[in-house]
Amino acid sequence: MLKVDRYAVVGNPISNSRAPEIHLLFAQATRQAISYERLEGPLDGFEEFALGLRDSGYVGLNVTIPFKLDAAKLADSLTARARLAGAVNTLKFEEDTIYGDNTDGIGFVRDITNRLAFKVSNAAILVLGAGGGVRGLIASLLDEKPKWIAVANRAHGRAQELADEFGVEAIRLDEIPAEHFDLIVNGTASSLNQDAPPIDPETFDDCPLAYDLMYAPEATPFMRLAQRGGAHTVADGLGMLIEQAAESFLFWRGVRPDTAPVYRELRRILEQSRTSTAK
């Protein structure tokens, strides 16, 4: 009988995650025998929940909002990029060891450089937000030698802590309009709440790329704000989601799937869901 390895994505909320579709498409393309579920973890009990999954036979987890920092604490061994990020989005269970990786940064960089043809080197970058999702991006962006990276957050102290840790700059929200940025990344949870970050539309004037880490069947509030302000290109985070998932799949299975056909299929599924809802 063929052994099927069990995986899941854990978050809260989690009902809208497309990770199962992505990983099952990867498995089909690479002929890997896996199952993959979406599971809602308790807000105050991630460690116990994750260990329970391991003990019941799961061999790996993807971890999303708000558990990436908890996952980093749970892991016994971290990859170099997970150590730099201080956050984990991929766990692998092997015997008595829990391995942690962070594939967010490489997934983001791959999406903007390959699919969107954006050149990070010598770019001025603004990152909005200071949570676990943002932590995974900064080290990978720094590897690409940008001109500078600024971090802004409602709670400026958190942005300053992140800036001090990574050697980038923290700026206050009201200072943003005075600067020009080539790339503006929304790493806040505002789009989950159908809202946009509290920044002026003029921030996006002549900005080559505005990117929301969240994804949706239609333009997010951040994307609409960026379009209104004059950004040349706006994108949601579906491409990043698929690219980081491919890195997770490689971490677990030792093979990296082709992402282009999966992006096309997931975009089709999202468009179909939007059309169905509109009827």
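1. Contact here means heavy atoms within 4.5 Å. The model is predicted. That cut-off applies first to helix 8, where the cover of the buried residues includes strand 7 (124-128), strand 10 (183-186), strand 11 (209-212) and strand 12.

2. Helix 8 spans residues 221-229. Which of its residues are buried? They are Pro221, Phe222, Met223, Leu225, Ala226 and Gly229. Just past the helix comes Gly230, with a positive phi of about 110°.

3. Strand 12 covers residues 233-235, and Thr233 belongs to this strand. Thr233 has a relative accessibility of 33%, so this residue counts as partly exposed. Leaving aside residues up to four places away in sequence, Thr233 touches Cys207, Pro208, Leu209 and Ala210. Look also at Tyr211: 22 residues separate Tyr211 from Thr233 along the chain, and their C-alpha atoms are 8.4 Å apart.

4. Helix 6 (residues 132-143) is largely enclosed by the rest of the structure, because nine of its 12 residues are buried. The buried set is Gly132, Val134, Arg135, Gly136, Leu137, Ile138, Ala139, Ser140 and Leu141. Note that Arg135 is in this buried set. After helix 6 comes Lys145, and its phi is positive, near 60°.

5. Now the charges. Side chains of opposite charge can pair when their charged atoms come close. How many salt bridges does the structure hold? The count is 17.

6. Arg256 is a good place to start. Its side chain forms a salt bridge with Glu243, at 2.9 Å from N to O. This pair links distant parts of the chain. Arg256 sits in the loop between helix 9 (238-253) and helix 10 (260-278), while Glu243 is in helix 9, 13 residues apart from Arg256. Arg256 also forms a salt bridge with Glu247, where the closest N and O atoms are again 2.9 Å apart.

7. Are the partners of Arg256 buried or exposed? Glu243 is buried, because its relative accessible area is 10%, below the 20% cut-off for buried. Glu247 is buried too, with a relative accessible area of 6%. Arg256 itself has 30% relative accessibility and therefore counts as partly exposed.

8. These pairs belong to a network. Which residues does the network of salt bridges link? The members are Arg81, Asp101, Arg110, Glu243, Glu247 and Arg256.

9. Arg54 and Asp55 form another salt bridge, with their closest N and O atoms 3.2 Å apart. Arg54 has a relative accessible area of 25%, so Arg54 is partly exposed. Asp55 reaches 59% relative accessibility and therefore counts as exposed, the cut-off for exposed being over 50%.

10. Last, a surface point. Glu169, Asp174, Glu175 and Glu179 form a negative surface patch. Residues in a patch have no salt bridge. Glu169 lies in strand 9 (residues 169-170). At 40% relative accessibility, Glu169 counts as partly exposed.

Definitions and conventions
Residues numbered from 1 in each chain as written. Predicted model: local features only at pLDDT ≥ 70, side-chain atom pairs only at ≥ 80, totals over all residues. Heavy atoms only, no water. Helix = DSSP H or I, 4+ residues; strand = E, 2+ residues; numbered from the N terminus. Buried < 20%, exposed > 50% of the residue type's maximum accessible area, 1.4 Å probe, protein only. Patch = residues over 30% accessible without salt bridge, like charges linked within 9 Å, V, L, I, M, F, W, Y side chains within 5 Å. Areas by Shrake-Rupley, 256 points an atom, 1.4 Å probe, with all protein chains shown as cover. Salt bridge = Lys/Arg side-chain N within 4 Å of Asp/Glu carboxyl O. Lys, Arg positive; Asp, Glu negative; His and termini not counted. Charge placed at Lys NZ, Arg CZ, Asp CG, Glu CD.
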